[in-house]
Amino acid sequence: MTTALIYLLVVLLVAAVVFLLASLVFGRGEELAPLPPGSSPTRLPADDLTGADVAAVKFQLTARGYKMSEVDWVIARLGGEIDDLRGRVAELEARLEGRAQQPAGGSATGGQAQ
């Protein structure tokens with residue numbers, strides 16, 4: 001009976017030492033330093049959101065965490081989409097300005113030629 005108890009204690013001691021060494025070597029597994037309690041790294045500007053703003057978003061890690069590759073993919077996709085939409089809006093605004101600057105007489109002469 002005492003031999004089994006000694007073996008059990010030795011196994012528990014070895015397991016504790018292995019766990020301690022592994023936790024010292026590998027740490028908590030986080031790449032970012034932990035945040036102070038109550039703070040959040042998730043910030044976005046109120047106006048004029050750009051793809052770079054979306055790419056710079058950081059999410060706080062929780063006990064259950066999240067799959068970083070999926071979140072990174074979503075952020076990259078949203079950032080690209082925002083940049084594409086802003087480019088299209090700028091192009092359409094430039095076309096509108098170009099049409100507004102055309103003289104009104106130019107369309108009237110075209111109507112008389114027919």
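Read from its start to its end, the chain follows the pattern α-α-α-α, and this predicted model accordingly shows four helices and zero strands. The confidence of the prediction varies along the chain: the mean pLDDT is 78, and 75% of the residues reach 70 or more. Among the elements, α1 has the highest mean pLDDT, at 91, while helix α4, which covers residues 104-113, has the lowest, at 53. Where pLDDT is low, the predicted coordinates should not be read in detail. With its mean of 53, helix α4 is left aside in what follows.

The chain as a whole has few residues under cover, since buried residues make up 6% of its 114 residues. Its accessible surface comes to about 10,100 Å², and carbon and sulfur atoms account for 63% of that area. As for how the chain meets itself, 37% of the contacts between residues at least 6 apart in sequence join residues that are at least 24 apart.

Helix α1 is a good place to begin a closer look. This helix has 25 residues and reaches 36 Å from its first C-alpha to its last, which is close to the 36 Å expected at 1.5 Å a residue. Helix α1 is also hardly covered, for the count of buried residues among its 25 residues is zero. After the helix comes Gly27, whose phi is positive, near 65°.

On the surface, Leu13, Val17, Leu20, Leu21 and Leu24 form a nonpolar patch, and together these five residues have about 510 Å² of accessible area. One of them, Val17, has its place in helix α1, which runs over residues 2-26. An α-helix has 3.6 residues a turn, so residues three or four places apart point the same way. Is Val17 buried, exposed or partly exposed? Because its relative accessible area is 41%, Val17 counts as partly exposed, the class that lies between the limits of 20% and 50%.

Further along the sequence, helix α3 spans residues 68-101, and Asp84 lies within it. Asp84 has a relative accessibility of 52% and therefore counts as exposed, the cut-off for that class being over 50%. How many residues separate Asp84 from Gly51 in sequence, and what is the distance between them in space? The two are 33 residues apart along the chain, yet their C-alpha atoms lie 9.2 Å from each other.

Key:
Residues are numbered from 1 along each chain as its sequence is written. This is a predicted model: local features need pLDDT of at least 70, side-chain atom pairs count only at pLDDT 80 or more; totals for chains, interfaces and linings use all residues. Side-chain values use heavy atoms; hydrogens and water are left out. Helices (H or I, at least four residues) and strands (E, at least two) are DSSP runs, numbered from the N terminus. Buried means under 20% relative accessible area, exposed over 50%, partly exposed in between (1.4 Å probe, protein chains only). Contact means heavy atoms within 4.5 Å. Accessible areas come from the Shrake-Rupley method with a 1.4 Å probe; for residues, only the protein chains shown count as cover. Patches are made of residues with over 30% relative accessible area and no salt bridge: like charges are joined within 9 Å, nonpolar side chains (Val, Leu, Ile, Met, Phe, Trp, Tyr) within 5 Å. A salt bridge is a side-chain nitrogen of Lys or Arg within 4 Å of a carboxyl oxygen of Asp or Glu. pLDDT is the predictor's confidence in each residue, from 0 to 100. The expected span of a helix is 1.5 Å times one less than its number of residues.
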